[in-house]
Amino acid sequence: MQRLPFCATPLLTVHSHHSASNLMQPYIHAKETARRLGADWRDHLAVHEFIDVAKHACPDLRHRAVLHSHDLGAELAARAFHQLAEARDIALMHIRQDLRCTPGVAEWMTHCDTDKLPRYKPSSVVGPAVIEQAANHLQLEDHSPLQDLWSMLTLPSRAAPAFGDAANCLTMNGIGPVIARMVFGPPRPVPRRGGGDVVLDFGWACEGMIVASARHVPALTRILDCFDGKEPR
Ligand SMILES: [Zn+2]
């Protein structure tokens, strides 16, 4: 007797309006986008793994709220895989294959009960202070790498201004440092004030920024428990 894939049944129960064909693994997405763009699936796989990375912290379909969006997920994919010209299109195809549409952060946030979210400090207060503090601590010559990191963490609130800082819950959680690491790459030497280099670890700096904003790093499931589990259509 042929056995079903081990995960098929539990996943199908999460969203009954989606068929099994919607439950695609990164490899299947990669085969599909590579076929459509006439490429090798191995060149697309990392983009799909990026879009689905939050699944590792929330193994049901609610993880899609984090990066299955044109203005956050596809935007960050384009930054993370800037050497791949089609990265944004590949990400958008992935999102459409999963959801049959390419929603923005605002559409996801309509499914969030923002009153239940952890209390974040205002990003206009935290950002400048934490960038200054981290840059001084590390003796950075140039603050711009930390500004870029803060800009990434607060991209959701710029994509969905009607929700204010609450939208940043999508990045300011346990998966945020993982995303930062994928967008900015491994720790790397940057110029030190007064000469020489200092190694900047974007995952670590990201963790510090989230702690400064929320006093701790909320687990992704703590955030996604505030969502109603439905998907934009
Ligand atoms: Zn997906």
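Biologist: How do you know which residues of α9 meet α12?

Modeller: The test is a C-beta distance within 7 Å. This is a predicted model. In α9, the residues L146, L149, W150 and L153 meet α12. Their partners in α12 are F202, A205, C206 and M209.

Biologist: What makes up this contact of α9 with α12 by class, nonpolar, polar or charged?

Modeller: There are 8 nonpolar residues in the contact of α9 with α12. No polar and no charged residues take part. Leu, Trp, Phe, Ala, Cys and Met count as nonpolar.

Biologist: Why are α9 and α12 called oblique to each other?

Modeller: Start with the angle. Helix α9 covers residues 144-153, and helix α12 covers residues 202-214. They pack at about 60°, with their axes 10 Å apart. Roughly parallel needs an angle under 35 degrees, roughly perpendicular needs 65 to 115, and roughly antiparallel needs over 145. The angle fits none of these, so α9 and α12 are oblique to each other.

Biologist: Which hand does the crossing have, left or right?

Modeller: α9 passes α12 in a right-handed crossing.

Biologist: Helix α8 also packs on α9. At what angle do their axes cross?

Modeller: Helix α8 takes in residues 123-138. The axes of α8 and α9 cross at roughly 145° and come within 10 Å. The crossing of α8 and α9 is right-handed.

Biologist: Which residues meet there, and what is the mix by class?

Modeller: From α8 come G127, I131, A134 and A135. From α9 come L146, Q147 and W150. The contact has 5 nonpolar and 2 polar residues, with no charged ones. Gly counts as polar, so G127 is on the polar side of that tally.

Biologist: Why are α2 and α6 called oblique?

Modeller: Helix α2 (residues 26-37) and helix α6 (residues 87-99) pack at about 120°, and their axes are 10 Å apart. Roughly perpendicular runs from 65 to 115, and roughly antiparallel needs over 145. The angle falls between these two classes, so α2 and α6 are oblique to each other. Their crossing is right-handed.

Biologist: What makes up the contact of α2 with α6?

Modeller: H29, E32, T33 and R36 in α2 meet I90, M93, H94 and Q97 in α6. By class, that gives 2 nonpolar, 4 polar and 2 charged residues. Glu and Arg count as charged, so E32 and R36 are the charged ones.

Biologist: How do you know that β1 and β2 pair?

Modeller: Pairing needs at least two bridges. Strand β1 (residues 188-191) and strand β2 (residues 197-200) are joined by 4 bridges, so they pair. The two strands run antiparallel. P191 has D197 as its bridge partner in β2. V190 stands opposite V198 in β2.

Biologist: What lies between the two strands of this hairpin?

Modeller: There are 5 residues between β1 and β2. One residue in the turn, G194, has a positive phi of about 90°.

Biologist: Where are the domains, and how far apart are their centres?

Modeller: The domain assignment gives domain 1 as 25-103 and domain 2 as 114-224. Their C-alpha centres lie 23 Å apart.

Biologist: How many residues of each domain are in contact with the other?

Modeller: 14 residues of domain 1 are in contact with 13 residues of domain 2. On the domain 1 side, α4 (64-67) and α5 (73-80) are the elements that give two or more residues. The largest share comes from α5, with 4 residues. By class, this side of domain 1 has 10 nonpolar, no polar and 4 charged residues.

Definitions and conventions
Residues numbered from 1 in each chain as written. Predicted model: local features only at pLDDT ≥ 70, side-chain atom pairs only at ≥ 80, totals over all residues. Axes fitted to C-alpha atoms, helices over the stretch in contact; angles between N-to-C directions. Left-handed = near helix turned anticlockwise from the far one by under 90°. Contact = placed C-beta atoms within 7 Å. Domains from an automatic or database assignment.
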